Amino acid sequence: HLGGSVSPRPFASGVEGGRAFLAMEWVEGEPAAAVADRLRDAGDRDALLTLAAGIATAYARLHERNVLH
């Protein structure tokens, strides 16, 4: 979600059966692609640009913290 929290909190990580894993907090919400589709279909360009800017900001924050995504 983009409401200030950069990413879900990690719960656990490790290796199981020779495969690395990372368990993260589940974040409720609608997929960004579904929201974008709805906004595009409604012709709401301003809201679509706001959504895109929020996503870009979230990714920038992740990159600043060297978070793998």
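# Two packed helices

Q: Which helix do the buried residues of H2 pack against?
A: This is a predicted model: local features need pLDDT of at least 70, side-chain atom pairs count only at pLDDT 80 or more, and totals for chains, interfaces and linings use all residues. Residues are numbered from 1 along each chain as its sequence is written, and side-chain values use heavy atoms, with hydrogens and water left out. Buried means under 20% relative accessible area, exposed over 50%, and partly exposed in between (1.4 Å probe, protein chains only). The buried residues of H2 pack against helix H1 (32-42).

Q: What pattern does the protein chain follow along the sequence?
A: Helices (H or I, at least four residues) and strands (E, at least two) are DSSP runs, numbered from the N terminus. The protein chain has two helices and two strands. Read along the sequence, they give β-β-α-α.

Q: How many Å apart are the end C-alpha atoms of H2?
A: H2 has 20 residues, 45-64. Expected span is 1.5 Å times one less than the number of residues, so H2 should span 28 Å. The separation of its end C-alpha atoms agrees: 28 Å.

Q: What arc do the buried residues of H2 cover around the axis?
A: The arc is that of the directions from the helix axis to the C-beta atoms. Leu51, Ala58 and Leu62 are the buried residues of H2. They lie on the same side of H2, because they cover an arc of only 40°.

Q: Which exposed residues lie on the face of H1 turned away from its buried side?
A: Val35, Ala36 and Leu39 are buried in H1. Their arc is only 100°, which puts them on the same side of H1. The face turned away carries the exposed residues Ala33 and Asp41.

Q: Are H1 and H2 roughly parallel or roughly antiparallel?
A: Axes are lines fitted to C-alpha atoms, for helices over the stretch in contact (heavy atoms within 4.5 Å), and angles run from 0 to 180 degrees between N-to-C directions. H1 and H2 pack at about 160°, with their axes 9 Å apart. Angles under 35 degrees count as roughly parallel, over 145 as roughly antiparallel, 65 to 115 as roughly perpendicular and the rest as oblique. H1 and H2 are therefore roughly antiparallel.

Q: Which residues of H2 do Ala32, Val35, Ala36, Leu39 and Arg40 meet?
A: The five residues named belong to H1. Their partners in H2 are Ala47, Leu48, Leu51 and Ile55.
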